[in-house]
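The exercises below are meant to be worked through with the sequence and the coordinates open side by side. Each one sets a task and then gives a solution in steps.

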Amino acid sequence: MEVLQPILAHFNHWITIFLMVAGLYVVVARGNMIKKLIGLSLFQTSVYLLYISPGKILGGTAPIIGDNIEVYSNPLPHVLILTAIVVGVATLALGLGLVVRINEVYGTIEEDEIFTQEDDDE
Amino acid sequence: MESLINMVLLSLLAVVTIGVVRLRNLFAVIILGGIYSFLMASVLIVLDAVDVAMTEASVGAGISTVLMLTVLYMTRVEEAKPVHTPMLPIFVAGGTGAVLVYGTWGLPAFGLADTPINTHVGMAYMDLSIPDTGIPNVVTSVLASYRGFDTFGETTVVFTAGIGVLLLLRRGVSLARLRRKQQEEESKS
């Protein structure tokens, strides 16, 4: 355990950054719109980790007040992220609605194919 | 022990993420997304965020997956091969990641009680909740009482998104009907 200490201290941050960067990569590099939305939600869930990890106190328990419990984790990040999750699914639904509409008009959800169709029309 | 479980679950999360990024079959990607959400919920339980874990398991793994599968049913399952080289996105993502990792050296270590985030307003709610509201679950009392306006704003956002989706899809139905009518008239004449 002693050897792992310096890694454990920032491991959560590193994984958070990895998820964030993976989401960013998918949003920028992939042309498929469903894949783009999945990348966006990867990015979003990494933000949940970013908020919740610093609120954790080792040896603590969930912030529900009970007898004989001394240490609780921080409840405030939990509240903020609860709101973020619900707003996240709302924006995802709106994005998927747009994808359905784009598919109806262009017959495809690939960015490149839509661009070539647009170029052909001109 | 806590931090070890945390570490193992987070590593699994990273592996699933690699799968999500690399796979080209969208059905597999969406199912992996569901696995990702359940893993995230487990991590959140280890991090003591039980309310968030329940929401993530039901909304992230449940509703999101169903919505995505519905849209996938209406479109195409296989993702097209990319025409551009992914060098620029890799560079942008890698650069951002490097800067962020550099930034973590300035952050406090995981799990400490005397960090700024754990010594100010968040912990004050722990002492105030029972005398002010009588609710033992502090997350509930902060969500519905102290920060009720946040939740009101959240409801507004969800309502607006709902209206947006309805308008988008209804317009789609009427447009499709219009086009079909046009085609019928063209075929007649």
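**Exercise 1. The fold of chain B**

How many helices and how many strands make up the secondary structure of chain B?

Solution. Bear in mind from the start that this is a predicted model. Going through chain B, one arrives at seven helices and zero strands, and the order of elements from the N terminus on is α-α-α-α-α-α-α. The next step is to compare the radius of gyration of chain B, 23 Å, with the 16 Å that the globule rule gives for 189 residues; the value is well over the rule, so chain B is more spread out than a compact globule. Its C-alpha atoms, taken along the principal axes, fill a box of roughly 80 × 45 × 25 Å.

**Exercise 2. The fold of chain A**

Describe the secondary structure of chain A and its overall extent, and then examine α2(A).

Solution. Chain A has four helices and zero strands, arranged from the N terminus on as α-α-α-α. Its radius of gyration is 21 Å, whereas the globule rule gives 14 Å for 122 residues; since the former is well over the latter, chain A is more spread out than a compact globule. The box filled by the C-alpha atoms of chain A measures roughly 70 × 35 × 15 Å along the principal axes.

Turning to α2(A), its 23 residues reach 34 Å from the first C-alpha to the last, which is close to the 33 Å expected at 1.5 Å a residue. The N-terminal end of α2(A) is capped by Asn32(A), which has a side-chain oxygen 3.0 Å from the backbone nitrogen of Ile34(A).

**Exercise 3. The contact between the chains**

Work out how much area chain A and chain B bury between them, and which elements of chain A supply the side that touches chain B.

Solution. Begin with the residues: 81 of chain A are in contact with 94 of chain B. Between them the two chains bury about 7800 Å², and 76% of this lies on carbon and sulfur atoms. Of the area that chain A buries against chain B, 8% is supplied by Lys56(A), Ile65(A) and Arg101(A), more than by any other three residues.

Next, consider polar contacts, of which there are 20 residue pairs between chain A and chain B, both residues being at pLDDT 80 or more. On the side of chain A that touches chain B, α1 (5-29), α2 (33-55), α3 (76-106) and α4 (111-121) each supply at least two residues, and the largest share, 25 residues, comes from α3(A). By residue class, this side of chain A divides into 54 nonpolar, 19 polar and eight charged residues.

**Exercise 4. Salt bridges across the interface**

Which residue of chain A forms a salt bridge with Arg76(B), and where does the pair of Asp48(B) and Lys56(A) lie?

Solution. Side chains of opposite charge can pair when their charged atoms come close. The count between chain A and chain B is two salt bridges, while over all chains it comes to five. Arg76(B) pairs with Glu113(A), the closest N and O atoms being 3.1 Å apart. Asp48(B) and Lys56(A) also meet in a salt bridge, at 3.0 Å from N to O. This pair crosses between chains: Asp48(B) sits in the loop between α2 (26-46) and α3 (50-74) of chain B, and Lys56(A) in the loop between α2 and α3 of chain A.

Terms used:
Residues are numbered from 1 along each chain as its sequence is written. Chains are lettered from A and ligands numbered from 1 in the order in which they are written. Side-chain values use heavy atoms; hydrogens and water are left out. Contact means heavy atoms within 4.5 Å. Buried area is the accessible area (1.4 Å probe) that two parts lose on being put together, summed over both. A salt bridge is a side-chain nitrogen of Lys or Arg within 4 Å of a carboxyl oxygen of Asp or Glu. A polar contact is a pair of N or O atoms within 3.5 Å; within protein, one must be able to donate a hydrogen and the other to accept it, and residues adjacent in sequence count only if both atoms are side-chain atoms. Ala, Val, Leu, Ile, Met, Phe, Trp, Tyr, Cys and Pro count as nonpolar, Asp, Glu, Lys and Arg as charged, and the others, Gly among them, as polar. The expected span of a helix is 1.5 Å times one less than its number of residues. The radius of gyration is taken over C-alpha atoms; the globule rule is 2.2 Å times the number of residues to the power 0.38.
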